[in-house]
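Let's take a walk through a protein together, helix by helix. Have a look at the sequence and the model first, and then we'll go through the details.

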Amino acid sequence: MSALTETEIIDAVSRGQREGQTEMVRRYAERVFAMIVRQVTDVMDAQELMQDAFLRAFAHIDSYDSRKASLSTWLCRIAYRLTLDFLKRRHPVIVSIEDDRAWQTDIGDELLEEELSSGCEENIERLQMLIDQLPDEERLLLTLYYFEDRPLTEIAYITGIEAKPLANRLYRTRKKLYKQLKQ
């Protein structure tokens, strides 16, 4: 099988051709799975979500618009929504009063960045534990931004939230982590 271009993959999938589906999975499965498995700790659940994401992509390939996002980003958007739905079904959303106040303290960007990116082993372990305890949407945002190194414009497309409110959420989440790290 020769390597297909992204356009050829989309055309083949829209015609229901197995070659296009196989190539789409081969090319993008690792990236989609990596995003999901950072949120869903059970590998079997993560694999099932990845399969569901590709099945949904195959079924709705005609809704893909290359002017809005790359195929990889579109697939991650599908996976993001499926993962978020899965996590909401497994863990009800609980909002603490403390969460609302955590971001209201004025902390400069430099101080936040310095504290959260310090290489101290103890801080790194504590930070990972705190990230694991975040609400699903905040944890997914951090995953997309820091672990997958995606720009805010891509994350905005994946999440369906505009870039400026996303930047604010990211800042508030970092402030909350900083405050919890200091406690």
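A residue counts as buried if its relative accessible area is under 20%, as exposed if that area is over 50%, and as partly exposed in between (1.4 Å probe, protein chains only). Keep that in mind for α4, which is mostly covered: 14 of its 20 residues are buried.

Before going on, a word on where the numbers come from. This is a predicted model, in which local features need pLDDT of at least 70 and side-chain atom pairs count only at pLDDT 80 or more, while totals for chains, interfaces and linings use all residues. Residues are numbered from 1 along each chain as its sequence is written, and side-chain values use heavy atoms, with hydrogens and water left out.

## The overall picture

The protein has 10 helices and 0 strands, so named from DSSP runs (H or I and at least four residues for a helix, E and at least two for a strand) that are numbered from the N terminus. Reading along the sequence, you get the pattern α-α-α-α-α-α-α-α-α-α. Of the 183 residues in the protein, 42% are buried.

How much of the contact in the protein links residues 24 or more positions apart? Taking contacts with a separation of 6 or more, such pairs account for 68%. Contact here means heavy atoms within 4.5 Å.

## Helices α3 and α4

How long should a helix be? The expected span is 1.5 Å times one less than its number of residues. Here is how two helices do against that rule:

| Helix | Residues in the helix | Expected span | Distance between end C-alpha atoms |
|---|---|---|---|
| α3 (residues 43-59) | 17 residues | 24 Å | 24 Å |
| α4 | 20 residues | 28 Å | 29 Å |

The two values agree for α3, and they agree for α4 as well.

Now look at the start of α3. Asp-42 caps its N-terminal end, with a side-chain oxygen 2.9 Å from the backbone nitrogen of Met-44. Which residues of α3 are buried? They are Asp-45, Ala-46, Leu-49, Met-50, Ala-53, Phe-54, Ala-57 and Phe-58. An α-helix has 3.6 residues a turn, so residues three or four places apart point the same way. The cover over the buried residues of α3 includes α1 (6-14), α2 (18-37) and α4.

Between α3 and α4 there is a loop, and Asp-62 and Asp-65 both lie in it. Is Asp-62 buried or exposed? Asp-62 counts as exposed because its relative accessibility is 66%. Its C-alpha is 9.2 Å from that of Asp-11, although the two are 51 residues apart in sequence. Asp-65, on the other hand, is buried, with a relative accessible area of 18%. The side chain of Asp-65 makes a polar contact with the side chain of Arg-67 at 3.0 Å. A polar contact is a pair of N or O atoms within 3.5 Å; within protein, one must be able to donate a hydrogen and the other to accept it, and residues adjacent in sequence count only if both atoms are side-chain atoms.

## Where α4 meets α8

Two packed helices are described by the angle between their axes and the distance between the axes. For α4 (residues 71-90) and α8 (residues 136-147), the angle is about 145 degrees and the axes are 10 Å apart. Tyr-80, Leu-84, Leu-87 and Lys-88 in α4 meet Asp-136, Glu-137, Arg-139, Leu-140 and Leu-144 in α8. Sorted by type, the residues of this contact are 5 nonpolar, no polar and 4 charged.

## Around α9

The loop between α8 and α9 (152-159) holds Asp-149. Phi of Asp-149 is near 55 degrees, a positive value in a residue other than glycine. Asp-149 is exposed, with a relative accessible area of 65%.

In α9, the buried residues are Ile-155, Ala-156, Tyr-157, Ile-158 and Thr-159. Their cover includes α4, α8 and α10. What does Thr-159 touch, leaving aside its neighbours within four places in sequence? Thr-159 is in contact with Tyr-80, Arg-81, Leu-144 and Leu-166. After α9 comes Gly-160, whose phi is positive, near 80 degrees.

Notes: Axes fitted to C-alpha atoms, helices over the stretch in contact; angles between N-to-C directions. Nonpolar A, V, L, I, M, F, W, Y, C, P; charged D, E, K, R; others polar.
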